[in-house]
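Colleague: I would like to go through this model with you, one question at a time. Please give the reasoning before each result.

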Amino acid sequence: MTRFQSDDSPDTHRFLGVVYALCAFAILLALIASTGCGPMLSAQSPAPPGRSARLDAVNGFWGLKSYRVELSEGVALALTCYEGGPCEKLVVTSDDPKIAEVHAASLGTLEPAGLVNQQTASAVVLVGKSTGTTKLHVRTRSGRKREVAVTIIAPPRPSPSAAVAR
Amino acid sequence: MAPLAIGTHFYPDVSAEIAGTSTPALRLESASPDVLTVEDGVLVARKSGASAVLISTDDGSVVDFVHVWVAPATKITLARRDGDRIDGAIGLAVGEDVTLVPTLWNGAQKLSGDGGAAWTIDGDAVTVLRDGSSDRRRFRARAPGKTTVRVGNGETTTSVEIEVVQ
């Protein structure tokens with residue numbers, strides 16, 4: 001007669017309890033990350049040499065408050081939006097398109113959506129048109145919003161050491 | 001792609017590799033038209049600097065962008081059509097010809113772009129023939145004597161002397 005043995009020792013129960021707790025915590029973190037408190041942005045392109053194209057998060061006590069972007073005049077920066085997956089019905093508007101222009105973008109990449117799915121990245125391209133400051137307003141289907149403070153800086157003047165003698 | 005010399009044109013061959021689709025109809029847009037303009041799909045270098053060139057579909061969705069640099073020519077070199085660099089006077093017998101190809105430089109950096117060379121000749125020992133290229137010139141020796149050929153881009157010029165013998 002075959003007999004199935006089970007290990008009912010207290011150590012095994014404690015170990016399983018820790019594993020279940022860790023799994024629950026990981027799922028909770030994933031849910032917090034996926035639902036979040038609003039759309040999260042991520043830079044997807046580098047700055048050209050000697051120019052600026054950076055996205056920084058502005059954090060407060062409760063976490064992410066907003067974003068700021070520093071971009072050189074004439075430079076473009078690709079941004080993706082994530083809100084538990086690529087942002088749905090992403091709309092980004094610029095207060096002053098003469099300073100910073102926003103274009104819808106199709107980057108042709110997939111991003112994780114939830115635990116098992118993937119979806120096409122939701123992206124925009126920001127272009128520095130002229131020196132100054134303005135704001136972007138990011139809205140998604142969830143109704144949550146983000147503000148992005150944008151500063152467009154002038155391109156650097158060639159330094160005397162970089163000047164080429166004729 | 002090398003920087004474009006001021007005053008030159010560049011004819012880009014645009015294609016996009018997007019998973020699952022052939023290349024859609026694309027159009028170009030300059031982020032900084034004072035540095036670089038797009039005229040009927042041709043990039044025209046206007047002044048020193050860098051400008052993003054956005055590559056978009058017909059509906060305005062950006063699929064990619066590239067930053068293009070524009071620089072002034074600080075040196076011009078001449079070469080024969082086979083690539084041999086010319087560093088001194090050229091001797092021709094009547095009836096012979098030579099084709100000269102200018103290359104624009106900014107210091108050690110070779111510049112790209114077409115149509116940036118302005119040719120002048122001083123003397124009537126040679127006849128200038130065009131072969132359809134905007135930059136190359138073909139010189140045919142027509143009578144004994146000397147002719148000075150000058151080629152310039154902006155304030156930068158170079159010259160070569162052609163001596164024709166019987």
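Colleague: How many bridges join E5(A) to strand E10 of chain A?

Modeller: This is a predicted model, and the answers apply to it as such. Strand E10 covers residues 132-139 of chain A, and E5(A) runs antiparallel to it. Within this pair, A:Ser94 stands opposite A:Leu136 of E10(A). The number of bridges joining E5(A) and E10(A) is four.

Colleague: In what order do the strands of the open sheet in chain A lie?

Modeller: The sheet is open and has five strands, with mixed pairing. From one strand to the next, the twist averages 25 degrees. The order in chain A is E2-E3-E11-E10-E5.

Colleague: Which strands stand at the edges, each with a single partner strand?

Modeller: An edge strand has a single partner, so one of its sides is left without a neighbour in the sheet. In chain A this applies to the strand at 53-60 and the strand at 91-94. Their names are E2 and E5.

Colleague: How many residues lie between E2(A) and E3(A) in their hairpin?

Modeller: Strand E3 of chain A spans residues 63-72 and pairs with E2(A) in the antiparallel sense over eight bridges. Two of the residue pairs can be named: A:Ala53 stands opposite A:Leu71, and A:Leu55 has A:Val69 as its bridge partner. The two strands form a hairpin, and the residues between them number two.

Colleague: Do E3(A) and strand E11 of chain A run parallel or antiparallel?

Modeller: Strand E11 of chain A is made of residues 145-153, and six bridges join it to E3(A). A:Val69 of E3(A) has A:Val150 as its bridge partner in E11(A). The direction of this pair is parallel.

Colleague: How many strands are there in chain A?

Modeller: Read from the N terminus, the elements run α-β-β-β-β-β-β-β-β-β-β-β. That pattern opens with a helix. Chain A has one helix, and its strands number 11.

Colleague: What share of the residues of chain A count as buried?

Modeller: A residue is counted as buried at under 20% relative accessible area. Chain A has 166 residues, and the share of them that meets this is 32%.

Colleague: Is the disulfide of A:Cys81 and A:Cys87 left-handed or right-handed?

Modeller: Over all chains, the structure holds one disulfide. It joins A:Cys81 to A:Cys87 with an S to S distance of 1.9 Å, and both cysteines are buried. The torsion about the S-S bond is about -70 degrees, so the disulfide is left-handed.

Colleague: What is phi of A:Lys89?

Modeller: A:Lys89 lies in the loop between strand E4 (76-82) and E5 of chain A. At 60% relative accessibility A:Lys89 counts as exposed, because the cut-off is over 50%. Most residues other than glycine have a negative phi. The phi of A:Lys89 is positive, near 50 degrees.

Colleague: Which residue of the loop between strand E4 and strand E5 of chain B has a positive phi of about 55 degrees?

Modeller: The loop in question lies between strand E4 (36-39) and strand E5 (42-45) of chain B. The residue is exposed, with a relative accessible area of 80%. Although it is not a glycine, its phi is positive; the residue is B:Asp40.

Colleague: How far from B:Asp135 is the nearest side chain of opposite charge?

Modeller: B:Asp135 lies in the loop between strand E14 (126-129) and strand E15 (137-141) of chain B. Its side chain reaches the backbone nitrogen of B:Gly116 at 3.3 Å. B:Asp135 is buried yet has no salt bridge, because a salt bridge must fall within 4 Å. The nearest side chain of opposite charge belongs to B:Arg137, and the distance is 6.3 Å.

Colleague: What separates the C-alpha atoms of B:Tyr11 and B:Thr156?

Modeller: B:Tyr11 lies in the loop between strand E2 (9-10) and strand E3 (26-30) of chain B. B:Tyr11 is exposed, with a relative accessible area of 53%. B:Tyr11 and B:Thr156 are 145 residues apart along the chain, and the separation of their C-alpha atoms is 24 Å.

Methods
Residues are numbered from 1 along each chain as its sequence is written. Chains are lettered from A and ligands numbered from 1 in the order in which they are written. This is a predicted model: local features need pLDDT of at least 70, side-chain atom pairs count only at pLDDT 80 or more; totals for chains, interfaces and linings use all residues. Side-chain values use heavy atoms; hydrogens and water are left out. Two strands pair if DSSP finds at least two bridges between them. Axes are lines fitted to C-alpha atoms, for helices over the stretch in contact, and angles run from 0 to 180 degrees between N-to-C directions. A disulfide is a pair of cysteine sulfur atoms within 2.5 Å. Buried means under 20% relative accessible area, exposed over 50%, partly exposed in between (1.4 Å probe, protein chains only). Lys and Arg count as positive and Asp and Glu as negative; His and the chain ends are not counted. A polar contact is a pair of N or O atoms within 3.5 Å; within protein, one must be able to donate a hydrogen and the other to accept it, and residues adjacent in sequence count only if both atoms are side-chain atoms.
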